[in-house]
Amino acid sequence: MHKNIQEDITALVTAALAKAKLRLAPEEIIIDFPTDNRFGDFTTNIALKLGKLIRRPPRDVAAELVEIIQREIAESELKDSVSLVKVEGSGFINFYLAPGYFYDQLGKIITEGKEALRLDTGKGKKVLIEFVSANPTGSLSVAHARQAAVGDCLANILSFLGFNVQREYYLNDEGNQINILGRSVELRRRELAGERIEFPENYYQGDYIYDIAKEADKQKIKDAELGDFAADHILKIIKQELSDFGVDFDCWYSQKGLAKSGKIEESFSQLKEKGFLYEQDGATWFKSTAFGDDKDRVVIKSDGSQTYLAPDIAYHQDKYKRGFSWLINLWGPDHHGYINRIKASIEAFGHSPESLSVIIVQLATIFRNGTPIQMSTRRGQYITLREILDEVGADASRFFFLMRRTSSHLDFDLEVAKKQSAENPVYYVQYAHARICSILRSADIRLKEDLDLSVLAEKEELDLIKKMLELEAVLNVCLINRDPYPLTVYLQELSESFHKFYDLHRVLGQGAALTCARLELIKGVKIVLSCGLELLGVARPEKM
RNA sequence: GCGCCUGUAGCGCAACGGAUAGCGCAUCAGCCUCCGAAGCUGGUGGUGCAGGUUCAAUUCCUGCCAGGCGCACCA
């Protein structure tokens with residue numbers, strides 16, 4: 001049994017290189033998954049790299065190394081796990097694992113459940129993931145919905161990988177947009193009272209403003225308090241939308257609270273001490289060019305009011321003060337120009353720019369039957385998260401938002417997402433889960449037999465086990481890319497392996513030994529599928 | 001003009017710098033007396049253009065072409 005066979009093989013190869021008196025930097029010795037399982041279970045290209053360095057044909061170098069590796073394996077505890085090492089292609093050294101290794105791993109998953117899949121790469125590192133953070137001036141849009149899905153799922157994955165994750169929503173509950181919101185409600189209230197009004201174009205046009213105006217009238221809210229009243233009202237709606245979408249935040253960080261705390265002034269005085277603030281043209285500037293920004297940025301305008309950057313500098317500084325050592329921000333593509341100045345600010349306070357990861361979540365275009373739906377936030381004409389939830393449901397919409405790379409544009413067709421058919425990948429995965437549950441329901445529970453997994457010798461059975469064991473690597477890819485997207489691809493592949501197995505081999509009625517083993521096999525698949533779907537935040541139906 | 005994202009099959013998308021570029025839809029041909037056919041099997045069909053780096057480029061670099069988004073003392 002090996003905790004991590006990839007590491008064991010790496011150590012073995014390193015030792016073999018030393019024995020052959022061949023030198024290669026440790027970071028060059030990479031034992032990887034091959035692109036295709038016909039090339040074994042692990043592969044390394046060291047012979048190709050060495051061949052160039054020492055001017056020998058790569059295949060010869062590989063053959064020499066394989067001979068040494070085979071002898072090493074025979075003398076090590078790997079001899080039961082690795083069945084074959086050979087040179088293939090232009091000089092790749094490929095490792096084929098023994099079925100016994102896979103049975104051991106499957107057994108572990110069955111007995112330990114999803115805990116067997118858990119990793120501790122994070123080692124409890126405190127990470128703050130801030131996402132959505134939409135202004136409380138209207139319902140959440142499609143862009144926010146995608147951010148919510150990506151952020152929540154990424155948080156799930158990081159936490160599964162042993163990070164100590166906190167989800168945070170930065171609440172822009174004061175400032176210009178709240179004033180405009182208040183004035184919008186005020187005008188609508190007067191309009192409802194019969195007054196003729198001129199409604200400015202840059203005010204909030206949506207019909208929901210009328211609803212808030214009616215409510216404000218009923219509660220006799222004063223004009224001056226309408227902004228806060230409306231923001232509170234809308235915030236409740238946002239919270240409910242997110243909650244129905246399966247996204248719950250640990251912290252709602254109020255900008256108003258930040259402003260009152262004096263932390264903004266505090267961070268300014270610190271920046272001033274360090275010489276990164278200066279006055280010019282009546283405004284106060286942050287010297288962000290000192291850290292690679294294109295130009296310096298105004299933090300206090302010549303009229304004395306702050307720009308948006310001012311509280312943001314203090315806010316990010318406060319994140320570190322609260323003990324987080326890794327900050328992840330999910331922003332819309334319209335904020336990408338903002339990355340440099342925020343990174344500059346954290347650097348000015350002595351933090352490494354790498355400790356802040358900004359993930360730009362590209363926009364999603366909503367389609368209906370192949371036709372894009374035009375949107376305008378200003379006119380209040382946009383598809384909201386609420387509408388998507390009502391029409392498509394949380395499961396399918398979460399999956400759809402996650403099934404493309406976060407950095408890529410996403411086309412989201414409402415009609416396809418609604419379809420409960422093969423076109424819809426959500427159901428393909430959920431169907432595999434339901435199918436397993438169905439078999440388990442039909443299984444004769446009186447069937448008792450000493451479990452021997454080694455009867456699982458069919459190609460589809462071994463492929464299925466191998467696919468199950470890939471989850472760990474997939475989650476690491478998600479971590480490295482800061483993108484939950486690979487998990488959606490993986491779950492479709494795992495489902496495919498299961499469906500192929502199911503089609504060719506019966507589980508029930510195959511004689512006690514084989515039936516028992518296959519039941520355990522599909523229980524294992526269920527554990528992995530279920531774990532993956534849970535990380536995505538998608539339901540795992542027992543029946544469909 | 002500057003920055004970011006994207007160009008792969010009719011459409012939507014995959015491919016840590018690797019081996020014969022995969023999958024879904026569509027289309028054509030098959031598979032249910034048997035655990036769920038929301039499934040499986042097979043056929044058709046492809047890397048925007050030009051250079052460069054590399055043993056190896058869809059992937060990295062440069063230029064061009066095309067599409068999307070953003071470039072405030074707005075938030």
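Which residue in β11 is the bridge partner of isoleucine 328? Keep that in mind as you look around; the tour comes to it at the second stop. One thing to know before you start: this is a predicted model.

**The whole chain**

Begin with all of chain A in view. Its C-alpha trace spans about 85 × 60 × 40 Å along its principal axes. Colour by secondary structure and you can look for 20 helices and 14 strands. Of the 544 residues, 40% count as buried. Among contacts between residues at least 6 apart in sequence, 72% join residues at least 24 apart.

Now colour by domain. Domain 1 covers 5–97, domain 2 is made of 103–118 + 421–536, and domain 3 covers 176–244. If you place a marker at the C-alpha centre of domain 1 and another at that of domain 2, the two lie 30 Å apart.

**Stop two: a sheet of five strands**

Select β6, β5, β4, β10 and β11. In that order they form an open sheet, and the pairing is parallel. The edges are β6 (251–254) and β11 (356–360); each has a single partner strand, so one side of each is left without a neighbour in the sheet. Look along the sheet to see its twist, which averages 25° from one strand to the next.

Zoom in on strand β10 (residues 326–331). Five bridges join β10 to β11, and the two run parallel. Here is the reply to the opening question: in β11, isoleucine 328 has serine 357 as its bridge partner.

**Stop three: a sheet of three strands**

Next, select β7, β8 and β9. These three strands form an open sheet in the order β7-β8-β9, with antiparallel pairing. Here β7 (277–280) and β9 (297–300) are the edge strands, and each has a single partner, so one side of each has no neighbour in the sheet. On average, neighbouring strands of this sheet are turned by 45° against each other, direction ignored.

Look between β7 and β8 (residues 283–286): four bridges join these antiparallel strands. Show leucine 277 as sticks and you will find it opposite phenylalanine 286 in β8. As a reminder for both sheets, strands pair through backbone hydrogen bonds, either parallel or antiparallel.

**Stop four: helix α6**

Move to helix α6 (residues 176–192). At 1.5 Å a residue, its 17 residues should span 24 Å; try a distance between the end C-alpha atoms, which are 24 Å apart, in agreement with that.

Which parts of the chain help to cover the buried residues of α6? Buried in this helix are Ile178, Leu181, Gly182, Ser184, Val185, Glu186, Leu187, Arg188 and Arg189. Show α7 (208–218) and α8 (226–244), for the cover includes both of these helices.

Glutamate 191 is also in helix α6. Glutamate 191 has 15 other C-beta atoms within 10 Å, so it is partly exposed. Draw a line from its C-alpha atom to that of valine 87: the two residues are 104 apart along the chain, and the atoms are separated by 81 Å. After α6 comes glycine 194, with a positive phi near 105°.

**Stop five: two residues with a positive phi**

Most residues other than glycine have a negative phi. Two places to check against that are lysine 220 and arginine 482.

Lysine 220 is not a glycine, yet its phi is positive, about 55°. You will find lysine 220 in the loop between α7 and α8. Is lysine 220 buried or exposed? It counts as exposed, because it has 6 C-beta neighbours inside 10 Å.

Arginine 482 is not a glycine either, and its phi is positive too, about 50°. Its place is in the loop between α18 (471–481) and α19 (485–504). Arginine 482 has 18 C-beta neighbours inside 10 Å, so it counts as partly exposed.

**Last stop: the nonpolar core**

Finish with the largest nonpolar core, which has 149 residues. Select Ile157, Leu158, Leu402, Met468, Val525 and Val528, the residues with the most contacts inside it. Then add helix α20 (residues 512–536), which gives the most to this core, with 13 residues.

Centre the view on isoleucine 157. Leaving aside residues up to four places away in sequence, isoleucine 157 touches Leu475, Cys478, Leu479, Pro484 and Leu535.

Key. Residues are numbered from 1 along each chain as its sequence is written. Chains are lettered from A and ligands numbered from 1 in the order in which they are written. This is a predicted model: local features need pLDDT of at least 70, side-chain atom pairs count only at pLDDT 80 or more; totals for chains, interfaces and linings use all residues. Two strands pair if DSSP finds at least two bridges between them. Axes are lines fitted to C-alpha atoms, for helices over the stretch in contact, and angles run from 0 to 180 degrees between N-to-C directions. Domain bounds come from an automatic or database domain assignment. The expected span of a helix is 1.5 Å times one less than its number of residues. A residue is buried if 20 or more other C-beta atoms lie within 10 Å of its own, exposed if 12 or fewer, and partly exposed in between; C-beta atoms are placed from the backbone. Two residues are in contact if their C-beta atoms, placed from the backbone, lie within 7 Å. A nonpolar core is a set of buried Ala, Val, Leu, Ile, Met, Phe, Trp, Tyr and Cys residues joined through C-beta atoms within 7 Å.
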